Amino acid sequence: LQDVLWIFQEHGLPAPGNAYLFNGDIADRGKNATEIFLLLLMYKLAAPETMYMNRGNHEQRDLNERPFANGGGFAWEVRGKYPHDERLIDLFQRFFMLMPVASIVGSWALVIHGGLFRENDVTLEDIKHINSRRQPPTQLETRDDKLLFDALWADPHEGDGLIPSGNRGGYSIQFGRDVTKAFCARNKVQSVIRSHQLPRQMRGYEIQHDAMLLTIFSASNYGGVCRNRGGVLVFDEKGPAEVKEFYAPPLDVFRQMCEEQLLADVKEGLACWLQLSRLGPDGRLKRQEMRERKRLAGDKWFALLYSYDSRDRLVRSDLAAIMAEAADQVASEPGSNAASNAASGVPSRVASNVASTNPSHRPSHTDASFTTSHVASARRTSSTAVLSMAPLFSARRSVSTEMLHRSRRQGSFLADSPAAAANALKLKVTRRTLNVAPLRASRAEGSFREES
């Protein structure tokens with residue numbers, strides 16, 4: 001749970017333009033998997049386009065019934081929290097059987113929990129038609145049995161071909177680089193993204209098979225003892241942009257951090273209220289004007305950053321097109337009101353749309369606290385789709401976007417290894433923290449600093 005909360009804090013809550021894909025193994029990951037499922041499902045119900053979940057090998061009954069010490073525990077967790085309803089674990093199992101086993105992200109990647117298949121000539125259409133509305137098979141009698149089992153359980157190895165899995169036993173297999181290359185070429189995808197196993201170097205990711213296979217592992221300090229980092233792959237509109245790593249604090253520490261932040265926000269609100277109260281009865285008109293300026297500025301920001309599609313769904317606007325229009329207005333109408341609006345980054349058509357903006361969709365107090373100078377960076381953040389791979393990471397280490405774009409043109413994600421990536425593509429490591437002081441100062445002043 002602390003990994004999920006930390007990811008949301010670092011990358012933003014699920015929202016239009018900020019979608020998440022969790023790649024399986026949410027169950028049996030700590031003693032708060034029930035809360036994770038409830039949180040993700042509430043987002044799925046509230047905004048279906050912002051939350052996606054793949055099925056992992058731990059979304060099945062026989063593993064859930066194992067004790068915590070043996071890598072299971074989800075069924076025991078559910079019964080312990082809801083002892084009055086034995087049917088609840090059955091409902092979870094029905095939900096697991098409805099989860100997809102794989103997802104496609106554009107033409108860039110197949111996202112699947114386990115890995116690729118022992119069967120030859122598997123296509124995306126074959127994966128789409130896997131009968132997954134059942135528990136994983138205990139006997140591999142048909143092609144469909146093998147496809148479902150391998151999608152949840154397969155692992156890669158560094159050689160070529162297929163070999164039995166020495167770690168997992170049973171029917172599990174390991175697939176080589178030739179299998180990955182053939183699959184990507186056959187299905188016209190650039191890479192395969194999977195999870196399922198802890199990276200060997202205790203990182204949040206691992207690159208294999210000539211950079212066509214990427215393992216993302218988002219459970220930091222796996223099992224409470226591994227001390228590994230978690231990882232998240234961030235996509236933008238051009239494809240994979242960053243691989244980020246993090247180490248989530250324990251829940252009690254995270255709760256204390258949230259309480260401290262809440263207290264700081266309350267103090268800022270009180271300071272703003274005191275500033276307004278000092279105006280006295282004679283400043284009533286001034287207070288009303290200030291509140292009206294705040295409302296208008298909030299409506300302007302909302303109209304600038306969001307719009308509604310033909311189905312009346314809230315979608316993010318094309319900021320580049322809006323700013324290009326503003327630049328045109330500056331060039332064509334110097335000295336006019338439109339030019340002054342454009343110079344401040346708010347085109348005239350935005351101002352004309354303020355009156356028609358749905359008041360129920362006005363931005364929150366936090367959204368409205370952004371100054372004009374922060375709009376571009378805020379839009380870049382909101383346009384990013386974050387793919388969080390379970391078994392369930394905040395990144396203190398970033399892979400250069402330029403490097404990934406250059407690598408993507410070469411037909412792969414990265415070089416053969418992190419070391420090779422660093423040497424061949426000049427891997428840039430950054431440690432950057434958002435400076436919220438200007439936002440707090442703006443809020444404390446009681447305005448949005450729309451003039452800046």
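Helices and strands are taken here as DSSP runs, of at least four residues for a helix and at least two for a strand, and are numbered from the N terminus. The structure described in these terms is a predicted model. With the elements named in this way, Asp210 can be placed in the loop between strand 9 and strand 10, the latter spanning residues 213-216. The phi angle of Asp210 is near 55 degrees, which is a positive value in a residue other than glycine. Asp210 has a relative accessible area of 31% and is partly exposed, because the range between 20% and 50% is the one called partly exposed.

A positive phi is also found at His196, where the angle is about 80 degrees although the residue is not a glycine. His196 belongs to the loop that runs between strand 8 (191-194) and strand 9 (205-208). The relative accessible area of His196 is 6%, so this residue is buried, the cut-off for burial being under 20%.

The packing of the helices may be considered next. Two packed helices are described by the angle between their axes and the distance between the axes. For helix 2 and helix 4, the axes are 9 Å apart and the packing angle is about 85 degrees, which means that helix 2 is roughly perpendicular to helix 4. From helix 2, the residues Ala33, Thr34, Glu35 and Phe37 take part in this contact, and they meet Phe74, Glu77, Val78 and Lys81 from helix 4. Sorted by class, the contact of helix 2 with helix 4 holds 4 nonpolar, 1 polar and 3 charged residues.

Helix 2 also packs with helix 5 (residues 87-98), and the axes of these two helices come within 13 Å and cross at roughly 55 degrees. That angle makes helix 2 oblique to helix 5, and the crossing of helix 2 and helix 5 is left-handed. Here Thr34, Phe37 and Leu41 in helix 2 meet Phe92, Phe95 and Phe96 in helix 5. By class, 5 nonpolar residues, 1 polar residue and no charged residues make up the contact of helix 2 with helix 5.

Phe96, which is found in helix 5, deserves a description of its own. With a relative accessibility of 0%, Phe96 counts as buried. When the neighbours within four places in sequence are left aside, Phe96 is in contact with Ala27, Phe37, Arg55, Glu59, Gln60, Asn64 and Phe74. Phe96 and Gln135 lie 39 residues apart in sequence, while the distance between their C-alpha atoms in space is 8.8 Å.

The charged side chains are treated last. Side chains of opposite charge can pair when their charged atoms come close. A salt bridge is counted where a side-chain nitrogen of Lys or Arg is within 4 Å of a carboxyl oxygen of Asp or Glu, and by this rule the model has 26 salt bridges. One of them joins Glu35 to Lys81, with 2.7 Å between the closest N and O atoms. Because Glu35 lies in helix 2 (residues 33-46) and Lys81 in helix 4 (residues 74-81), this pair ties together parts that are 46 residues apart in sequence. Glu35 is partly exposed, its relative accessible area being 30%, and Lys81 is partly exposed with a value of 32%.

A salt bridge is also formed by Arg143 and Glu119, whose closest N and O atoms are 3.3 Å apart. Arg143 lies in helix 7 (residues 143-153) and Glu119 in the loop between strand 4 (109-112) and helix 6 (124-128), so the pair ties together parts that are 24 residues apart in sequence. Arg143 counts as partly exposed at 34% relative accessibility, and Glu119 counts as partly exposed at 22%.

Asp144 forms a salt bridge with Arg134, and in this case the closest N and O atoms are 2.9 Å apart. This pair links distant parts of the chain, since Arg134 is in the loop between helix 6 and helix 7 and Asp144 is in helix 7, at a separation of 10 residues. The relative accessible area of Asp144 is 24%, and the residue is partly exposed. Beyond such pairs, a network of salt bridges links Arg61, Glu65, Arg79, Glu86 and Asp90.

How values were computed. Residues numbered from 1 in each chain as written. Predicted model: local features only at pLDDT ≥ 70, side-chain atom pairs only at ≥ 80, totals over all residues. Heavy atoms only, no water. Buried < 20%, exposed > 50% of the residue type's maximum accessible area, 1.4 Å probe, protein only. Axes fitted to C-alpha atoms, helices over the stretch in contact; angles between N-to-C directions. Parallel < 35°, antiparallel > 145°, perpendicular 65-115°, else oblique. Left-handed = near helix turned anticlockwise from the far one by under 90°. Contact = heavy atoms within 4.5 Å. Nonpolar A, V, L, I, M, F, W, Y, C, P; charged D, E, K, R; others polar.
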